[in-house]
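Visitor: I would like a quick tour of this structure, one question at a time.

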Amino acid sequence: MEMSIGILIAFLLSQVVHIGTQEEGEKGCVPGFQVKEYQVEFNRGFQKDHPLTQMLFDDCVGNEGMAFEVSHPDFQVDEEMNLVARRDVMDSGTVMFIHGVNEHAEDMAQVDIVGALPRSPQTLREILGLGQIQPYRSKRALFAPRMHVSENMEPPFPKVIGTVMSSGMEDDHIFHMTGSGADQDPKGVFTINRLTGEVSVSQELDREAINSYMLEVSVTDQNGKLVEGPVALLVDVNDQNDNRPIFKETRYAGEVLEGSPTGTVVMTMTAEDADDPRLQNAVLRYNIVRQSPDKPSPNMFYINPESGNIVTVISPTLLDRETLPTTQYELEIVAQDMKGRDVGLTGTSTATITITDKNDHAPEFTHSLFQANVDEGSTGVVVNLTVDDRDDPATGAWRAIYSIIKGDPTQSFEIQTNPDNNEGMLSLIKPLDYESLVFHTLLIKVENEDPLVPDVGYGSSSTATVHITILDVNEGPVFFPDPLQVTKMENVPLGSFVALLNATDPDVLQSQSIRFAVLRDPANWLSVNPVRGTVNTSANLDRESPYVQDNKYTAIFMATDNGSPPATGTGTLVIHLEDYNDNAPYVHPSVVRVCEDARDSVVIVGGRDKDIHPNTGPFKIELGKQPGLENTWKVSRVNNTHAQIMLLQNMKRANYQLPLVVTDSGLPPLSNSTEIKVQVCTCKKNRMDCSGAGSVRSNLILLLGLVLLSLLCL
């Protein structure tokens, strides 16, 4: 059976006479067999290992990895591309086919053996291993070998690329081809000779657009009746190196830390090639063709040809950011296909490599001693401390942090870093006193935000001394205590003593006098002796005044020395006012409503007083002293602050003025005779109608009349 299959392959392949024989018409190398048909003489057979002919195959890139298959199992192609017999062969047959392939090319060639007898069996029925089959059951065979066509073929077109064969082809039979590339989009790319089965390409192809076509071939008679097929026909488009490598970006950016070891990976650059990745057409190699600047070495970096990794070549000691001519290097990178051979196409991109800084330089003061003068009592920046740092500006290796390590026990100073120039701004945050200490000496240390590298430390230049001299300024007098708080009874006589102001001059080294004056006295109640500082009343102190808040009255005084120029200080006097029972109580509300029916006529009123405890409640509320009121009205105590007023008999709807007397609990107590307005209204179904009530004064005459009327009724 294996022999039959081998014979079948040889027989069918013997029908393929056009595969790879097209004239490309192209300039340069065309991958594949350079000769498509060969002839050898059969002279009583072939001896083992004796060359029959040499196969001329060229993939245009060196023929690496070539493999050949021979349709006759007793023959092979050796390493020198000679067709040789594996053993002594007597039945070679009349034709053999050679299939050559590697990652760059694939093609077929035919070897005709002149003078040889056909190999047995010779019938298709026997080749297919069908045995003795009745004639009416014989089967036809349609063979469509896989075909190959190169992209970018030059005219003229069409060009034959292969032949479809039928074992039962008769004169009235016709070949048909369908599928994408034939009668479907893209239409008309391939055609088939209806009589011979020759397949042709009709136009230039682009493998990167379509790399293969799957077609179907069938055979019909003149009436369109299907005779054979359909069978699949696969057409592969062979790649040509027609696409340059393209980098994903036109410019790449990377960085490497100064002092990095040789071989440190900086970045990776990769390109893409649209050609067939199985072939060398898309196998890329990378190379650095230019470095700018080229100092201190033109080969500071190396790119791995296969991976595209860029690594450092320069020694760590020379990779010093502070000594290099620049901190940025520009590399021109070329990617070339065909494994970098000269025939390969190229693409170019640029890599910019930045040498980044590490903290290998400690900051150093520009001076070991800084001096400044400052007025006593002032605050703000005293002096700017300057430093040098060779590291990269605007990085943590350059930015400075200042600290006071000695000479500031009261924490009167602070240092902030100016972000623009890295200077230390030494400031006073607490005023200093000339009379206490004239000279201050500070020891300042400067460090970086980032730690120094292990082999670098802070030296003596990273510390500096600051001498600060305090200048004397005429300071204003200072009140003590401030505020001064005293307690006084309101309504004390005019001219009463209130307080004695105490102010001293901080300039103890100078002999200066002080004079006092009122700066702010909202109610104009006070006066001050300008020399002695005694404060007396010049008006009545009233605790109930709107100028008094929470029983406290506040005034501000100033003290001025006779320095040049004069200086002024201010102090506050707070008078806590005690209450005197000088405000009579009153009744609230001043208007009440009752129903004309005495059974529903009850209201509540309360006492109020501007004074404070103990000069307020409990309040005593009672009727006025007019005779007869007690027959119509009744006042009774509810609690310490409120009383109840009740109408004892029905009254006509009207407005009445009811006399009341309210008394507080002060010592001595104060009473107030007052009147409230009582509206007598009509009340029906929880509604009170007070409209149209005339005003009636509840005076003595009215009350007497009511009393007389009451007596007559009795």
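The turns below go through a sheet, a loop residue, the cores and a cavity.

Visitor: What kind of model is this?
Guide: Treat every value below as computed. The model is predicted.

Visitor: Which strands stand at the edges of the open sheet of four strands, each with a single partner strand?
Guide: The sheet has mixed pairing and runs in the order E11-E18-E17-E14. A strand with a single partner has one side left without a neighbour in the sheet, so the edges are E11 (147-150) and E14 (174-179).

Visitor: By how many degrees are neighbouring strands of this sheet turned against each other on average?
Guide: The order to keep in mind is E11-E18-E17-E14. Direction is ignored, and the average turn is 30 degrees.

Visitor: Which residue in E18 is the bridge partner of His148?
Guide: E18 covers residues 226-238. E11 and E18 pair in the parallel sense, over four bridges. In E18, His148 has as its bridge partner Asp236.

Visitor: Is Ala182 buried or exposed?
Guide: Ala182 sits in the loop between E14 and E15 (190-192). Beyond its neighbours within four places in sequence, Ala182 contacts Met177, Lys187, Gly188, Phe190 and Leu215. Its relative accessible area is 12%. The cut-off for buried is under 20%, so Ala182 is buried.

Visitor: What separates the C-alpha atoms of Ala182 and Val201?
Guide: Along the chain, Ala182 and Val201 are 19 residues apart. Between their C-alpha atoms the separation is 9.9 Å.

Visitor: Which strand gives the most to the largest nonpolar core?
Guide: This core has 25 residues. Trp525, Leu526, Tyr553, Phe557 and Leu573 touch the most other members. Elements giving two or more residues include E38 (484-489), E41 (514-520) and E45 (568-578). The top contributor, with four residues, is E44.

Visitor: How many residues are in the other core, which lies apart from it?
Guide: Among its members are Tyr38, Leu52, Ile113 and Ala116. The count for this core is 24 residues.

Visitor: How many cavities of 30 Å³ or more are there, and how much space lies in the second largest cavity?
Guide: The count comes to two cavities. The second largest holds about 50 Å³.

Visitor: Which strand provides the largest share of the lining of the second largest cavity?
Guide: Residues lining this cavity include Phe479, Pro481, Leu500, Asn502 and Gly571. Thr572 and Leu573 are also in the lining. The largest share is three residues, and it comes from E45.

Terms used:
Residues are numbered from 1 along each chain as its sequence is written. This is a predicted model: local features need pLDDT of at least 70, side-chain atom pairs count only at pLDDT 80 or more; totals for chains, interfaces and linings use all residues. Side-chain values use heavy atoms; hydrogens and water are left out. Two strands pair if DSSP finds at least two bridges between them. Axes are lines fitted to C-alpha atoms, for helices over the stretch in contact, and angles run from 0 to 180 degrees between N-to-C directions. Buried means under 20% relative accessible area, exposed over 50%, partly exposed in between (1.4 Å probe, protein chains only). Contact means heavy atoms within 4.5 Å. A nonpolar core is a set of buried Ala, Val, Leu, Ile, Met, Phe, Trp, Tyr and Cys residues joined through side-chain atoms within 4.5 Å. On a 1 Å grid over the protein atoms alone, a cavity is a set of points where a 1.4 Å probe fits but cannot get out, and a pocket is an open set with protein on both sides within 12 Å along at least five of seven lines; lining residues have an atom within 4 Å of a point. Grid points are joined across faces, edges and corners, and a volume is the space filled by probe spheres set on the points.
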